[in-house]
Amino acid sequence: MPRGAFIAVEGLDRSGKTTQVTNLETRFQAAGIDVKLLKFPDRTTAIGKMIDAYLRSQSELDDHAIHLLFSANRWELATTIERLLNEGTIVVCDRYAFSGVAFSAAKGLDLDWCRSPDVSLPAPDVTLFLDISPEKARERGGYGEERYEKEELQRKVRTIFSKISGEFSAEKWVTVDAGRSQEDVAADVWSFVEGFAAGVHSPLQRLWT
Ligand code: FDM
């Protein structure tokens with residue numbers, strides 16, 4: 001029996017990522033396929049609550065410390081992800097380790113240091129990156145209230161995502177122009193992932209190999 005596919009959806013703020021991820025879940029369900037939607041940070045765990053307080057500026061933490069918490073938050077769910085995949089369930093993640101690296105490196109941390117706590121986490125079979133220019137994001141009403149929702153930081157994050165994308169083959173990392181209508185973006189997203197509905201025969205890989 002093939003295992004389930006591991007699909008990560010990354011994106012900039014105001015890219016419509018959450019809408020697209022929910023839409024993807026609905027489409028897999030409608031096709032009768034087991035799918036589990038996960039979101040990072042998962043703010044419901046003890047570690048997630050610390051992350052949530054930090055993002056809402058209710059606490060202060062050293063940049064390295066918060067980076068490690070984001071990674072620990074993924075490790076909390078790593079065995080669950082593997083189990084689901086082995087059971088044949090498709091796992092769709094709203095943000096994953098690439099956000100971890102992109103945001104912390106945009107704040108000035110060393111890129112290789114940022115990768116290290118995530119080494120050997122389950123690696124997505126494909127990552128969809130929903131890209132939007134800061135100008136388009138502004139047209140959509142600009143950014144929210146949380147700590148990282150600032151145009152200057154978002155610009156840096158975008159540059160680092162672009163650098164990370166260069167390390168992957170075109171099948172593993174797909175950049176989607178998210179500045180278009182929801183329907184157009186959804187059609188593109190589906191066209192890139194529908195092939196995964198039948199499952200994956202190759203073994204699960206590990207970050208950052
Ligand atoms: N974020 C998210 C990080 O800085 N590191 C991480 O590892 C992850 C998963 O948290 F600004 C940032 C990205 C974003 C913020 O994400 C909260 P959501 O998707 O807005 O909840």
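**View 1. Gly100 and two side chains meet the ligand's oxygen atoms.** In this close-up, a backbone N or O atom of Gly100 lies 3.4 Å from an oxygen atom of the ligand. That makes a polar contact, meaning a pair of N or O atoms within 3.5 Å (within protein, one must be able to donate a hydrogen and the other to accept it, and residues adjacent in sequence count only if both atoms are side-chain atoms). Lys39 joins in with a polar side-chain atom 2.9 Å from a ligand oxygen, and Arg43 has one at 3.0 Å from a ligand oxygen. On its own the ligand has 480 Å² of accessible area, and the protein covers 92% of that. Those areas come from the Shrake-Rupley method with a 1.4 Å probe; for residues, only the protein chains shown count as cover.

A quick note on what you're looking at: this is a predicted model, where local features need pLDDT of at least 70 and side-chain atom pairs count only at pLDDT 80 or more, while totals for chains, interfaces and linings use all residues. Residues are numbered from 1 along each chain as its sequence is written, and side-chain values use heavy atoms, with hydrogens and water left out.

**View 2. Here is the shell of residues around the ligand.** Count 13 residues around the ligand, with Lys39, Arg43, Arg74, Arg95 and Gly100 the closest; a residue is near if one of its heavy atoms lies within 4 Å. Helix H3 (63–86) and helix H4 (97–106) each bring at least two residues to this shell, and H4 gives the most, with 3. Helices (H or I, at least four residues) and strands (E, at least two) are DSSP runs, numbered from the N terminus. Sorted by class, the shell has 6 nonpolar, 2 polar and 5 charged residues. Ala, Val, Leu, Ile, Met, Phe, Trp, Tyr, Cys and Pro count as nonpolar, Asp, Glu, Lys and Arg as charged, and the others, Gly among them, as polar.

**View 3. The ligand sits in the largest pocket.** Sitting there means that more than half of its atoms lie within 2 Å of the pocket's grid points. A pocket is an open set of points on a 1 Å grid over the protein atoms alone, where a 1.4 Å probe fits, with protein on both sides within 12 Å along at least five of seven lines; lining residues have an atom within 4 Å of a point. This one has a volume of about 470 Å³. Its lining has 25 residues, and Asp13, Pro41, Arg43, Arg95 and Phe103 lie nearest the centre. Helix H1 (17–30), H3 and H4 each give two or more residues to that lining, with the largest share, 4 residues, coming from H4.

**View 4. Now for the second largest pocket.** About 200 Å³ of space lies here. The lining has 14 residues, and Phe168, Lys172, Leu207, Trp208 and Thr209 are the closest to the centre. By class, they split into 6 nonpolar, 3 polar and 5 charged.

**View 5. A few backbone oddities round off the tour.** Most residues other than glycine have a negative phi, and most peptide bonds are trans. Phe40 and Pro41 are joined by a cis peptide bond, with omega about 0 degrees, and Pro41 lies in the loop between strand E2 (35–39) and helix H2 (46–55). Another cis peptide bond joins Leu207 and Trp208, with omega about -10 degrees. Arg14 is not a glycine, yet has a positive phi of about 70 degrees.

Conventions: Grid points are joined across faces, edges and corners, and a volume is the space filled by probe spheres set on the points.
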